[in-house]
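Work through the exercises below with the sequence and the model open side by side. Each task is followed by a solution in steps.

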Amino acid sequence: MRGHEPRSTSSCAACKLLKRRCIPNCIFAPYFRSGEPKKFANVHKVFGASNVSKILVEVPEEQREDTVNSLAYEAEARLRDPVYGCIGAIALLQRKMIQLQHDLALARACLARYVATPSVIVSSDDHHRVITGPFDDFPVDCGVSFDSFNHNISYELNQEANMYDFSQIPYI
């Protein structure tokens, strides 16, 4: 567990930011290493050092690292989107999921329509009926322009992904 690892004599990121001497049993030291100053700066800016220390004291020691990571994630989200924070990212993903479920239902309905309607070709030379597979004359767009759909979705995802790109956070 990270909380019991020996640490160097340098101050933790919290004590450095707060400009105080880091004591050996500092509550912040195991979770805000000196090499992670931005992590504590964001948490401090959103929640305040006093509130974070109160939270850490109340949480069992084996859950503190997860608690700090959650606080850091929420702080990063709150700084990117001050009104909605993490909920904004969740709502965005839920809207995208609903839209994709709708598009999948349309595609399935379109596919079912063409599977249920076999193609019949009547040859004029010998008057034989030839039944072909359902996909022989399957139209490319099925009444929906998937190219424009893909372009619009890609553009929207790229625009919104920049706002909610948490993959660069080192503590996930």
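**Exercise 1: a charged residue in helix α4**

At 13% relative accessibility, E76 counts as buried. The model is a predicted one.

Task: Find where E76 is located and which residue forms a salt bridge with E76.

Solution.
- Step 1. E76 is found in helix α4, residues 64-80.
- Step 2. The cut-off for buried is under 20% relative accessible area, and E76 has 13%, so E76 is classed as buried.
- Step 3. E76 forms a salt bridge with R80, with the closest N and O atoms 3.1 Å apart. The two side chains also make a polar contact at 3.1 Å.
- Step 4. Both residues lie in α4, four residues apart, or about one turn of the helix. An α-helix has 3.6 residues a turn, so residues three or four places apart point the same way.
- Step 5. R80, at 29% relative accessibility, counts as partly exposed.

**Exercise 2: the other salt bridges**

Task: State how many salt bridges there are by this rule, and describe the pairs formed by E74 and by K39.

Solution.
- Step 1. The rule asks for a side-chain nitrogen of Lys or Arg within 4 Å of a carboxyl oxygen of Asp or Glu. The count is three.
- Step 2. E74 pairs with R78, the closest N and O atoms being 3.1 Å apart. These residues are four apart in helix α4 and are therefore separated by about one helical turn. R78 is partly exposed, at 28% relative accessibility.
- Step 3. K39 forms a salt bridge with E36, the closest N and O atoms being 4.0 Å apart. K39 is buried, with a relative accessible area of 5%, whereas E36 is partly exposed at 21%.

**Exercise 3: the nonpolar core**

Task: Which helix gives the most residues to the largest nonpolar core?

Solution.
- Step 1. This core has 19 residues; C12, C26, F28, F32, F40, V43 and V52 touch the most other members.
- Step 2. At least two core residues come from each of α1 (13-18), α2 (37-47), α3 (49-58) and α4.
- Step 3. Helix α4 gives the most, with four residues.

**Exercise 4: helix α5**

Task: Check the span of helix α5, then find its buried residues.

Solution.
- Step 1. Helix α5 covers residues 86-116, which is 31 residues; at 1.5 Å a residue the expected span is 45 Å.
- Step 2. The end C-alpha atoms are 45 Å apart, which agrees.
- Step 3. Buried residues in α5 include C86, G88, A89, L92, K96, D103 and C110.
- Step 4. I90, also in α5, is partly exposed at 44% relative accessible area. I90 joins V83, Y84 and I87 in a nonpolar surface patch of about 430 Å².

Note on methods:
Residues numbered from 1 in each chain as written. Predicted model: local features only at pLDDT ≥ 70, side-chain atom pairs only at ≥ 80, totals over all residues. Heavy atoms only, no water. Expected span 1.5 Å × (residues − 1). Buried < 20%, exposed > 50% of the residue type's maximum accessible area, 1.4 Å probe, protein only. Patch = residues over 30% accessible without salt bridge, like charges linked within 9 Å, V, L, I, M, F, W, Y side chains within 5 Å. Areas by Shrake-Rupley, 256 points an atom, 1.4 Å probe, with all protein chains shown as cover. Polar contact = N/O pair within 3.5 Å; in protein donor to acceptor, adjacent residues only side chain to side chain. Core = buried A, V, L, I, M, F, W, Y, C linked by side-chain atoms within 4.5 Å.
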